[in-house]
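Here's a walk through the fold you have on screen. Pull up the model and follow along, starting with the strands and ending with the packing.

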Amino acid sequence: MSAAAAAGARTLATTCCVVGGGPAGMMLGYLLARAGVNVTVLEKHADFLRDFRGDTIHPSTLQVMQELGLLEALLKRPHNPVKRLQVDIGDTPITIANFGFLPPGRDFIAMMPQWDFLDFLAAAARRYPHFHLLTQANVTGLIEERGRVVGVTATTPDGPLDVRARLVVGCDGRRSTVREKAALTVEDIGAPIDVFWMRISRRPGDPTSGGRIGPGSFFAVLDRGDYFQLAYVIPKGDAERVRAAGLPAFQQTVAKALPFLAARVDELKSWDGVKLLTVAIDRLRKWYRPGLLCIGDAAHAMSPVGGVGINLAVQDAVATANILWKPLKDGRLTEADLARVQKRREFPMKVTQRFQVLAQNNFVRPVLASTKPLKPNWVMRFINRSPLVQQLPARLVGVGVRPEHVHSPEASPGG
Ligand SMILES: Cc1cc2nc3c(=O)[nH]c(=O)nc-3n(C[C@H](O)[C@H](O)[C@H](O)COP(=O)(O)OP(=O)(O)OC[C@H]3O[C@@H](n4cnc5c(N)ncnc54)[C@H](O)[C@@H]3O)c2cc1C
């Protein structure tokens with residue numbers, strides 16, 4: 001018996017309990033409910049509104065949304081389409097990826113606030129009677145019986161809650177409570193960088209999205225319509241040194257790297273508006289235990305390099321629903337089914353993390369260590385000159401390795 005049950009917790013029964021309403025959890029909740037599986041998503045926050053989360057919807061996710069018949073409606077929500085990825089190395093603009101070769105309608109990255117995407121998925125999922133979303137439900141522990149996970153304990157505004165389920169799926173992100181409580185072994189791959197995030201207003205005539213690389217300085221500039229979302233990449237552990245130098249010095253760093261924003265850096269009024277993302281790359285050795293599975297960042301925290309975390313989380317959810325909807329519905333779920341999910345998704349995850357580590361070590365780190373003006377090396381110049389070669393990074397970032405397609409069905413009403 002869980003401590004909460006002993007204390008008189010309410011109990012709720014479901015078939016699949018999804019912990020975390022991020023991209024992995026909401027997509028999995030949607031797909032399972034669509035297939036007629038009873039699913040309850042527990043999200044600790046009251047809503048999806050959180051600043052500086054990943055806000056990129058890549059072509060692979062657009063493809064999934066199209067397969068679900070949701071793409072047209074999704075793209076009615078405000079978004080900025082990014083057709084190519086560009087970096088300025090010193091004064092030289094370099095195109096590193098061009099999505100133009102992809103099928104029309106999915107040949108771009110949609111910059112859309114993550115809360116809009118999640119809110120859209122929640123609204124679409126609520127059409128299915130098997131979908132239940134409980135917000136302000138903070139999962140605190142696992143309920144286990146005879147070595148098998150049979151549910152979770154949570155705190156809610158109405159008091160403690162036990163949710164019992166055939167399967168618990170940890171979609172609770174890089175600081176996953178589920179994976180910690182399940183004592184799954186985490187392999188730390190390490191990341192040599194951290195990132196400060198901030199926003200500064202955007203005006204007509206400003207440049208569009210891109211990277212800005214100079215001696216010792218690496219900024220990503222994301223056009224969000226009426227403002228820029230800025231990522232300032234720093235060597236790991238340098239945040240305290242940067243903060244200790246003071247806000248005026250930080251504003252000057254931004255002004256020097258991005259002269260078109262120099263007159264607006266005083267919009268950064270305090271460190272409250274400059275958020276630190278501690279970058280991590282890690283992965284679970286085993287993603288599952290009897291009655292429990294982890295996917296998305298809970299199974300493999302991704303670096304922001306390439307901005308692929310959301311899309312990998314969505315791809316995990318699609319594969320999980322493809323493999324598990326039937327055993328869940330028929331009540332025949334085995335550990336071998338959970339192993340199939342890891343087998344399916346481990347390879348794409350490992351290749352993507354490898355690419356992120358290579359980019360961090362061979363490109364980002366040398367830039368941060370540099371003191372002299374930078375010029376594009378021959379690889380960069382080669383990519384810049386060849387639209388054909390630009391397809392390769394575009395495919396890796398936009399589509400990824402082993403893209404998933406929706407095979408889980410839509411149940412007939414009442415099915
Ligand atoms: C600052 C920042 C910028 C990023 N930029 C990008 C980008 O541009 N593009 C990109 O693709 N990726 C980006 N990423 C990575 C991306 O956000 C993640 O890889 C992706 O969100 C992972 O999705 P997920 O659903 O697995 O986990 P998350 O998005 O982390 O969602 C986990 C959810 O679980 C909830 N939760 C956590 N603990 C509990 C609990 N105990 N009980 C109940 N609920 C819980 C959380 O509130 C959250 O809603 C960025 C990450 C950060 C932090």
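In what order do the seven strands of the open sheet run? Reading across, the order is β7-β6-β16-β17-β18-β15-β19, and the pairing is mixed. Keep in mind that this is a predicted model. At the edges sit β7 (92-98) and β19 (275-277), each of which pairs on one side only. From one strand to the next, the twist averages 25°.

At the β19 edge, the neighbour is β15 (residues 193-201), joined to β19 by three bridges in an antiparallel run. Val 195 is the residue that stands opposite Leu 277 of β19 there.

Over at the other edge, two helices lie across β6 (84-89) and β7. Here's how they run:

| Helix | Residues | Lies across | Angle to β7 |
|---|---|---|---|
| α11 | 378-385 | β6 and β7 | about 65° |
| α12 | 387-399 | β6 and β7 | about 60° |

There's also a hairpin to look at. Strands β10 (residues 138-145) and β11 (residues 148-156) pair in the antiparallel sense, over seven bridges. Asn 138 faces Thr 155 of β11. Two residues lie between the strands of this hairpin, and Arg 146 takes a positive phi near 50°.

Now the packing. Which residues touch the most other members of the largest nonpolar core? Those are Met 27 and Leu 293, in a core of 83 residues. Helix α9 (residues 309-330) gives the most to this core, with 11 residues. Setting aside neighbours within four places in sequence, the contacts of Leu 293 include Leu 167, Val 169, Trp 287, Thr 320, Leu 324 and Val 341. A second core, separate and made of 20 residues, has Met 198, Phe 219, Tyr 232 and Leu 258 among its members.

Two of those names, Phe 219 and Tyr 232, turn up again in an aromatic cluster with Phe 196, Phe 250 and Trp 271. Searching the whole structure gives eight aromatic pairs. One of them is Tyr 30 with Tyr 128, edge-to-face, at 5.7 Å centre to centre and 70° between the planes. That pair links distant parts of the chain: Tyr 30 belongs to helix α2 (residues 23-34), while Tyr 128 is in the loop between α5 (114-125) and β9 (131-135), 98 residues apart. Are these two tyrosines, Tyr 30 and Tyr 128, buried or exposed? Both are buried.

One last ring to click on is Tyr 227: the charged end of Arg 199 sits over it, 4.1 Å from the ring centre.

Definitions and conventions
Residues numbered from 1 in each chain as written. Predicted model: local features only at pLDDT ≥ 70, side-chain atom pairs only at ≥ 80, totals over all residues. Heavy atoms only, no water. Pairing = 2+ DSSP bridges. Helix = DSSP H or I, 4+ residues; strand = E, 2+ residues; numbered from the N terminus. Phe/Tyr/Trp six-rings, centres within 6.5 Å; stacked < 30°, edge-to-face > 60°. Buried < 20%, exposed > 50% of the residue type's maximum accessible area, 1.4 Å probe, protein only. Lys NZ or Arg CZ within 6 Å of the ring centre and 35° of its normal. Core = buried A, V, L, I, M, F, W, Y, C linked by side-chain atoms within 4.5 Å. Contact = heavy atoms within 4.5 Å. Axes fitted to C-alpha atoms, helices over the stretch in contact; angles between N-to-C directions.
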